[in-house]
Each structure stands twice: as C-alpha cells, then as structure tokens.
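I am opening a notebook page for this entry and will record each thing as I look it up. The sequence and the structure go in here before any notes.

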Amino acid sequence: MKTKINWYKVALFTTLTYCLSWFVSFLLSINNLDLSQTKTAIFVAVFYMSMPAISAVIVQKLIYKQSLKLFGWTFPKKNIKYYLLLPIILVSIILLTTLIIYILGNQNVIPNFGKLNFSSENIVQFLQETLTKKGKNIDLSKTPISKIPPILFFILLLVQGIVVGGIFNVPATFGEEFGWRGILFHETKKMGFWKSSILIGIIWGIWHFPLIFIGLNYPENHKIGLLLMTLFTISLSPIFSYIRLKTNSILGPSMLHGMINGSAGIFAIFVANQNELYSSISGLAGIFGGTIISVSIYLLDKKNIQKFYSEK
C-alpha cells in the first residue's frame with residue numbers, strides 16, 4: 001500500500017519556518033540594516049538562513065520524535081564520487097547563463113540583457129567603482145590586477161566560487177538545505193521528481209520575500225523580484241533534488257548552494273549595463289539556464305531518478 005504524504009507535517013514545517021525567518025527580517029527592517037554591509041550579511045546568514053534547519057529539528061525531533069537521519073544527516077563514503085558533479089553543474093549554470101546573455105543581449109535580441117564585456121578596462125572600472133562606494137581611493141589601473149587577462153579573471157572567479165563558496169558558505173547554506181532538501185525532500189518525494197521539486201522550489205522562493213522587500217537580489221525591482229525569485233528557485237530545485245539523491249546527504253546540496261551564492265557576482269562584473277531582472281544569476285538569464293540544466297539532468301539520468309522516486 002502506497003504511503004500517503006503527511007501534508008500536516010509539511011504545512012507545520014513551512015509555517016514555522018516562515019514565521020521564524022520573517023520575524024528575523026522584521027528585526028532587520030525596523031533597524032534599517034543595510035544588506036550590503038558585512039555585519040548585516042553575517043546576521044542574515046546566522047539567523048535568517050538557519051531558521052529552516054531549526055524548524056526541521058523542532059518538527060522532527062520535538063513534535064514527531066523521529067530521527068534526523070531521514071533528512072540526509074549522513075555522509076556515505078560510497079557516494080563521494082558524486083560530489084564531482086557539483087563544480088560541473090556550477091560551471092554549466094554560469095556558462096549557460098553567460099551564453100544566454102550573449103545571444104539575447106550582445107546580439108540585440110533583447111537589449112535589456114545588456115552586453116558581455118570581457119575587457120580589462122571594464123573589470124578595472126567595476127572594481128574601482130566598488131572600492132569608491134566603500135570609501136577606498138585606490139587607482140587600480142596602476143596595480144597588477146589591471147594586467148590580469150579578462151578570461152583568466154573570469155576563471156579565477158569561477159574557481160573562487162567553487163572552492164570558497166563550496167566550503168565557507170556551507171555553514172549558512174546548510175541552514176536552508178536542511179529544510180528544503182531535508183524535511184521537504186523526504187516528506188514530498190512520494191509526489192515524484194518534478195512535482196516534489198517544483199513544490200519545494202515554490203516554498204523556497206516565497207521564503208525569500210521579506211529579504212527581497214528590504215533590498216536583496218532585486219533592490220530596484222522589489223515587486224517583480226518576488227516572481228523572479230520564485231521562478232529562479234523553481235528552476236534550480238530539480239538540480240538540488242538530484243544532488244541530494246545522488247550524494248544521499250544534505251551536504252551535497254549545501255555545497256552547491258554555497259557555490260552558486262559565491263559565483264553570483266560574476267555577472268555584475270562582466271555584463272555592461274546589467275539589469276538585475278534580466279542578466280543576473282537570479283534574473284531571466286539564470287532562470288533560463290537553470291531550467292535547461294534541470295531538464296538536461298533529468299533526461300540524462302531519467303532511469304535512475306524514476307527508480308529512486310518509485311522505490312521511496
């Protein structure tokens with residue numbers, strides 16, 4: 001007999017996560033904290049991003065008194081090889097998003113996508129403006145950074161996203177992933193790969209709403225940003241479900257999440273006239289890229305994916 005989904009448990013976790021997380025965002029808003037500041041980013045990482053994990057523990061251990069191992073609180077050695085998929089997927093997302101911007105922006109199909117600009121002058125100008133905003137007056141044109149070939153700089157940023165993002169961002173992204181690819185993945189997998197992933201993507205996207213209202217991701221377009229963030233998380237959700245499936249651990253999705261967060265700034269550097277709604281990782285270019293990769297992964301490993309979801 002097929003086990004039914006415990007929708008009460010799913011709703012309880014989701015409601016608790018939203019309440020706790022959105023209370024943290026309320027504290028941010030009433031204190032007028034700037035999300036671009038390091039101390040605010042740390043506050044968000046420590047408190048806001050940890051609430052899905054805290055809610056999962058409360059629901060699973062305190063209310064249902066069940067094991068956390070069901071949510072990927074494991075690290076099977078036989079699955080280590082699948083961690084090699086993480087940098088491959090990250091690079092695929094970045095390169096495909098870059099290609100989409102080139103096709104739609106540089107070829108003037110949709111001018112709002114801006115134009116890729118792989119020139120040393122563009123890199124120096126962007127970094128110079130960033131330092132100026134932080135009150136640092138340094139002439140980068142006279143430093144070694146101005147001599148770095150743009151393609152090499154792009155590769156270095158990718159490597160930084162993989163290594164630094166995949167290691168140092170994990171404590172923060174784990175807080176999210178233990179909720180999304182932990183309790184939600186476990187409780188909704190009976191729906192099947194696509195339905196489960198899309199539902200998780202919707203819950204994940206809505207969770208971001210308060211942060212978007214106070215300036216995260218779409219500081220100039222809060223309202224449309226709510227829709228785009230949800231579409232973005234839906235586009236990525238099947239990829240994260242697949243990594244959770246293959247690694248059989250919450251660590252895999254946490255690392256990939258950290259890599260994506262750590263690489264998001266690439267497009268701000270290499271896209272001239274960048275529009276956050278079109279040519280950012282969480283804009284239309286990233287949504288198109290994530291969707292294409294999600295579908296590709298499913299088609300490439302359809303048999304194993306269907307087998308996993310049919311057995312559980």
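Which handedness does the crossing of helix 1 and helix 3 have? I looked this up at the start, bearing in mind that the model is predicted, and I noted that the crossing of these two helices is right-handed.

Entry on helix 1 and helix 3. I took helix 1 as residues 7–30 and helix 3 as residues 51–63, and I found that their axes come within 8 Å and cross at roughly 140°. Angles over 145 degrees would count as roughly antiparallel, and so I entered helix 1 as oblique to helix 3. On the side of helix 1 I listed Lys9, Leu12, Phe13, Leu16, Thr17, Leu20, Ser21 and Val24, which meet Met51, Pro52, Ile54, Ser55, Ala56, Ile58, Val59, Gln60 and Ile63 of helix 3. Sorted by class, this contact holds twelve nonpolar, four polar and one charged residues.

Entry on helix 8 and helix 10. Here I looked at residues 193–207 and residues 222–247, which pack at an angle of about 135° with their axes 7 Å apart; I therefore noted helix 8 as oblique to helix 10. Helix 8 passes helix 10 in a right-handed crossing. The contact includes Phe193, Trp194, Ile198 and Trp204 from helix 8, and from helix 10 it includes Met229, Thr233, Pro238 and Tyr242. By class I recorded 13 nonpolar, seven polar and no charged residues for this contact.

Entry on serine 282. Is this residue buried or exposed? I found serine 282 in the loop between strand 2 (271–272) and helix 13 (284–300). Its relative accessible area is 4%, and because buried means under 20%, I entered serine 282 as buried. Leaving aside residues up to four places away in sequence, I found that serine 282 touches Asn217, Tyr218, Leu228, Met229, Phe232 and Ile287. Met229 had already come up in my notes, as one of the helix 10 residues in the contact with helix 8.

Entry on the whole protein. I counted 14 helices and two strands. The radius of gyration is 20 Å, close to the 20 Å that the globule rule gives for 312 residues, so I noted the protein as being as compact as a globular protein of that length. Along the principal axes, the C-alpha trace spans about 70 × 45 × 35 Å. Buried residues make up 49% of the 312 residues. Of the contacts with a separation of 6 or more, 77% are between residues 24 or more positions apart.

Definitions and conventions. Residues numbered from 1 in each chain as written. Predicted model: local features only at pLDDT ≥ 70, side-chain atom pairs only at ≥ 80, totals over all residues. Heavy atoms only, no water. Helix = DSSP H or I, 4+ residues; strand = E, 2+ residues; numbered from the N terminus. Buried < 20%, exposed > 50% of the residue type's maximum accessible area, 1.4 Å probe, protein only. Contact = heavy atoms within 4.5 Å. Axes fitted to C-alpha atoms, helices over the stretch in contact; angles between N-to-C directions. Parallel < 35°, antiparallel > 145°, perpendicular 65-115°, else oblique. Left-handed = near helix turned anticlockwise from the far one by under 90°. Nonpolar A, V, L, I, M, F, W, Y, C, P; charged D, E, K, R; others polar. Rg over C-alpha atoms; globule rule 2.2 N^0.38 Å.
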